[in-house]
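Let's take a look at a protein chain together. Have the sequence and the 3D view open as you read.

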Amino acid sequence: EVIMQTSKIDGKAIGLTEACKEMVTDSKQFGLRGVFRGQGLGIAKGILSLTAFHQGRIWLTDAFRNHNISNGSYTPVGSA
């Protein structure tokens, strides 16, 4: 989901060295926010996606566990 753009709209690609130099230049000009300049939305989307995935996994685990407990396929440890 979060992808670093290493080419301009006109299609000319830049290398890793040029990208690092651009990041250093931005950080000198804008401080710490220069490092993340233009990436705020991407970072927010990444956090939201990972959080939603994690919460969905927890919900599914609980749903399957409760289903298996209710039909007798699984007995929780300590309740036997």
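What follows is a short tour, from the whole chain down to single side chains.

First, keep in mind that this is a predicted model. So how confident is the predictor? The protein chain averages a pLDDT of 78, and 71% of the residues score at least 70. Confidence varies along the chain: among the elements, helix H2 (residues 32-35) has the lowest mean pLDDT, at 70, while H3 has the highest, at 88.

Now for the overall layout. The protein chain has three helices and zero strands, and read from the N terminus its elements go α-α-α. Of the 80 residues, just 5% are buried. The accessible surface adds up to about 7000 Å², and carbon and sulfur atoms account for 62% of that.

Start with helix H1, which covers residues 16-30. Does its length come out as expected or not, and why? Its 15 residues, at 1.5 Å a residue, should span 21 Å, and the C-alpha atoms at its ends are 21 Å apart, so the two agree. Right after H1 comes glycine 31, with a positive phi of about 80°.

Next, move along to helix H3, which takes in residues 40-70. Which two side chains meet in a salt bridge here? They are those of arginine 65 and aspartate 62, with 3.1 Å from N to O. A search of the whole structure turns up one salt bridge, so this pair is worth finding in your view. Here's the background: side chains of opposite charge can pair when their charged atoms come close. Arginine 65 and aspartate 62 both sit in H3, three residues apart, or about one turn of the helix. That spacing matters because an α-helix has 3.6 residues a turn, so residues three or four places apart point the same way.

Helix H3 also holds tryptophan 59. Together with Leu60 and Phe64, Trp59 forms a nonpolar patch on the surface, and the three share about 380 Å² of accessible area.

How open to the outside are these H3 residues? Here are three side by side:

| Residue | Relative accessible area | Class |
|---|---|---|
| Tryptophan 59 | 60% | exposed |
| Arginine 65 | 38% | partly exposed |
| Aspartate 62 | 34% | partly exposed |

Why does tryptophan 59 get the label "exposed"? Its relative accessibility is 60%, and the label applies because exposed means over 50%. Arginine 65, at 38%, counts as partly exposed because that class lies between 20% and 50%. Aspartate 62, at 34%, is partly exposed too.

Terms used:
Residues are numbered from 1 along each chain as its sequence is written. Side-chain values use heavy atoms; hydrogens and water are left out. Patches are made of residues with over 30% relative accessible area and no salt bridge: like charges are joined within 9 Å, nonpolar side chains (Val, Leu, Ile, Met, Phe, Trp, Tyr) within 5 Å. Accessible areas come from the Shrake-Rupley method with a 1.4 Å probe; for residues, only the protein chains shown count as cover. A salt bridge is a side-chain nitrogen of Lys or Arg within 4 Å of a carboxyl oxygen of Asp or Glu. Helices (H or I, at least four residues) and strands (E, at least two) are DSSP runs, numbered from the N terminus. Buried means under 20% relative accessible area, exposed over 50%, partly exposed in between (1.4 Å probe, protein chains only). The expected span of a helix is 1.5 Å times one less than its number of residues. pLDDT is the predictor's confidence in each residue, from 0 to 100.
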